[in-house]
Structures are given as C-alpha cells and as structure tokens.
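Ready for some practice in reading a protein model? Work through each exercise with the structure open, then compare your steps with the solution.

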Amino acid sequence: MSTRTVPTPQDLREAPKVLLHDHLDGGLRPSTVIDLADETGYGGLPTTDVGELSRWFVAAADSGSLETYLETFAHTCGVMQTEEALARVAAECVEDLADDGVVYAEVRYAPELFVERGLSLDAVVEAVQDGFERGRKNAAERGKQIRVGTLLCAMRQHARALEIAELTVRYRDQGVVGFDIAGPEAGYPPTRNLDAFEYIRTSNAHFTIHAGEAFGLASIWEAIQHCGAERLGHGVRIVDDITTGTDGAELGRLAAYVRDRRIPLELCPSSNVQTGAVGSIGEHPVGMLAKLRFRVTVNTDNRLMSDCTVSSEFAALVDAFGFDWADVRWCTINAMKSAFIGFDERLDIIDNVIKPWYAARV
Ligand SMILES: [Zn+2]
C-alpha cells in the first residue's frame, strides 16, 4: 500500500483510532434504550420499535429545534437512572468502540444527571466504572484491546462544578482521568466555575472545557486564559480568528496562541453539522485547521444522535477533504498525545499499537 491508497470505510474500521470526546448518554444502542425503558419503567419514549427509534433520535437531533434536541437526552438519561442500567450502557459503549477499532477512548458524562432515583454521585461513578471494565473484558475476549478513561462533566447551568471536580479527583485512581464542563455556552461562561478549575489544577488533575462550539471566541479565550483548560471541547470557532486571503491564512493572537501552545481541538464534524453550527462536512473548518497544523483530533460527540462512529467520521473527511492514511495517522497520534493518561501509557500505545499498524500504509 502507498500513501495514495484511499482509506475505505472497512480499512478505517480496522485502523487503530483514538477518541477523546464522546458522551456516554449520547451513545446508547437504540435497542438498549428500549430494553432499559421497559426494565426501569420509563414511559416517555416516542416509539418502542428499534428502527423507528433509531431514526427518531437522528431526526430529532437534526431538527434545528433545541427543545427536540434536548428531548433526545431526556430519554437516554431517563433510562440510565439505576446502577444496572448505567453499567450496561457503559459496557456496551466500550464494546461498540472496540468493534470500531478504537484503542483508546475518553468517555464523558455528567454524574449529576443520573441521580433522579436516589443514586449518590459516587454510586453513579462506580456503576459506570464497573460497566467500562466489563466492556473491556468482553472486547478482550473477542481479541479487541481497548483502554478507556473517564471524564466527569459538570453542567454549566447547575451549580455543582466544585462537587464534580472533587469527585473527579476522588476517583482518579479508579479510572477517572479528567474533568469537563458541558451544557449551554451562551449565558454560562466558563469563568462561573473558576473554583472548580482551580481545585483541579491545584490537585494536579486534568480538564477540558466545552468551548467554542456554537459560541464565539470569547468563550475559547476564557476557557484557556482564565480557566486554564488543557484542551478545547470542539473549539471549532477558533476559525473566527483566522483570516484567509490570497496570501494564505493569517492567524489572530488567540488562534496563534492555540496553535503555538499545541492546544488540542476536540473536533466533532457531524455533530456540528447537526446542530447547525456548520452547513455541511465539506464546509467544516476541520480541513483548514488540519492544513494549518492545529492539533486536530476527530471525535464523535454523540454516536446515537449523529448515527456515527469514529471510523465514519474519518470516512466523511476522506470524502470531503481527501484525507489519506497520513492524515488519519496524524489525527490519531495527535489525540493520543493529548490524552489525559500518563506519558508512559500514551507513548506505549503510540509506539506499540498505532505506529506499527500505520507503518504499512504511510
Ligand atoms: Zn460534547
């Protein structure tokens, strides 16, 4: 094979890949949503037909209406209110990612969304960790090796960020590798949660922030310069600080800082198209950001709502921007370098898993 070989969807599935931005409550199997609704007595689903439900999630997330979009998460979170349900969803998440060729993933969720039936935050985290371990073992039995790190999110509109930051540090030796804040950007600037970020930093722990998804540069600037975020969840609006002309691209001070400091961008192309932040994959800034050598990583965000996988996201970039194996490898190594696990472990996966596989193709 040569660099010119166009990666096919099947090859992309086999390629070792790294995923940094994936929501646990956005990645359930439609059949599992139905099973869990039945088992836990959740009566709110729009349909109990697997095919119809699967299409409903994508259409609802596609609708352009925030209300309908949020309804999709009301259903997934609605069926994840018991320890058994959380563990099952977590186990299947790991198995599905392993089947897609993901060798390292950071999966995130907000524990505070799963306490409606009385679970404690600690019980939620422990149930999910049990599920991740079960999924890892099941995948290993089928010959698929995957390592999963957990990110705990606090919701911007709630006021529990410090509590979740403390939970993150409390479980850092049990698989929780970092912290994040998620939820609506407009009206909830990341600086509202400075105490949480300071706690994480002074504990020598790691965090990323959802910033610059639909909201602009101010959100990215605050996340980096006021909060000290190590990575940007999406960060795609950094393009607003880049001017393109006939002489090429000119970077503003913030864009230059992000690129100079190698701050990882957790880009999620399909998700951005779905929420209307970007018109189509072909118009997505990922192509330009990759060309300008920002630290680009390619992610799924919500596999159920966007009906995507890491390999299908790469396949879309192959179609839209002519990504070749060198590009896929570059994004994969970028992501592994940017992971929140220790340096030794990252290097081990890069040297012993990623590089040997791509060596035959690049
Ligand atoms: Zn996200």
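**Exercise 1.** Find the residues that UniProt lists for "binding site", and work out why they can be said to gather at one spot.

*Solution.* Step 1: the UniProt record, an unreviewed entry, gives His23, Asp25 and Gly183 under "binding site". Keep in mind that what you are looking at is a predicted model.
Step 2: along the sequence, these residues span 161 residues.
Step 3: now look in space. No two of their C-alpha atoms are more than 13.2 Å apart, so they gather at one spot.

**Exercise 2.** Decide for histidine 23 whether the residue is buried or exposed, and place this residue in its surroundings.

*Solution.* Step 1: histidine 23 sits in strand E1, which covers residues 17-23.
Step 2: count the other C-beta atoms within 10 Å of histidine 23; there are 25. A residue is called buried at 20 or more, so histidine 23 is buried.
Step 3: setting aside residues up to four places away in sequence, histidine 23 touches Arg108, Tyr109, Asp301 and Asn302.

**Exercise 3.** Do the same for aspartate 25: buried or exposed?

*Solution.* Step 1: aspartate 25 belongs to the loop between E1 and helix H2 (30-40).
Step 2: with 25 other C-beta atoms within 10 Å, aspartate 25 is buried.
Step 3: leaving out neighbours within four places in sequence, the contacts of aspartate 25 are Phe73, Thr76, Cys77, Met80, Tyr109 and Leu113.

**Exercise 4.** Describe how helices H5 and H6 pack.

*Solution.* Step 1: recall that two packed helices are described by the angle between their axes and the distance between the axes.
Step 2: for H5 (residues 83-99) and H6 (residues 121-141), the angle is about 35° and the axes are 7 Å apart.
Step 3: the crossing of H5 and H6 is right-handed.
Step 4: sort the residues of this contact by class, and you get 14 nonpolar, three polar and seven charged.

**Exercise 5.** Which strands stand at the edges of the open sheet, and what does that leave them without?

*Solution.* Step 1: write down the order of the four strands, E5-E6-E9-E10, with parallel pairing.
Step 2: E5 (208-211) and E10 (296-298) stand at the edges; each has a single partner strand, so one side of each lacks a neighbour in the sheet.
Step 3: on average, neighbouring strands of this sheet are turned by 30° against each other, direction ignored.
Step 4: zoom in on one pair. E9 (residues 265-267) and E10 are joined over three bridges, and leucine 267 has valine 298 in E10 as its bridge partner.

Conventions: Residues are numbered from 1 along each chain as its sequence is written. This is a predicted model: local features need pLDDT of at least 70, side-chain atom pairs count only at pLDDT 80 or more; totals for chains, interfaces and linings use all residues. Axes are lines fitted to C-alpha atoms, for helices over the stretch in contact, and angles run from 0 to 180 degrees between N-to-C directions. Helices (H or I, at least four residues) and strands (E, at least two) are DSSP runs, numbered from the N terminus. A crossing is left-handed if the near helix is turned anticlockwise from the far one by less than a right angle, and right-handed if clockwise. Ala, Val, Leu, Ile, Met, Phe, Trp, Tyr, Cys and Pro count as nonpolar, Asp, Glu, Lys and Arg as charged, and the others, Gly among them, as polar. UniProt positions are given in the numbering used here, feature names are shortened, and annotations may be inferred rather than shown by experiment. A residue is buried if 20 or more other C-beta atoms lie within 10 Å of its own, exposed if 12 or fewer, and partly exposed in between; C-beta atoms are placed from the backbone. Two residues are in contact if their C-beta atoms, placed from the backbone, lie within 7 Å. Two strands pair if DSSP finds at least two bridges between them.
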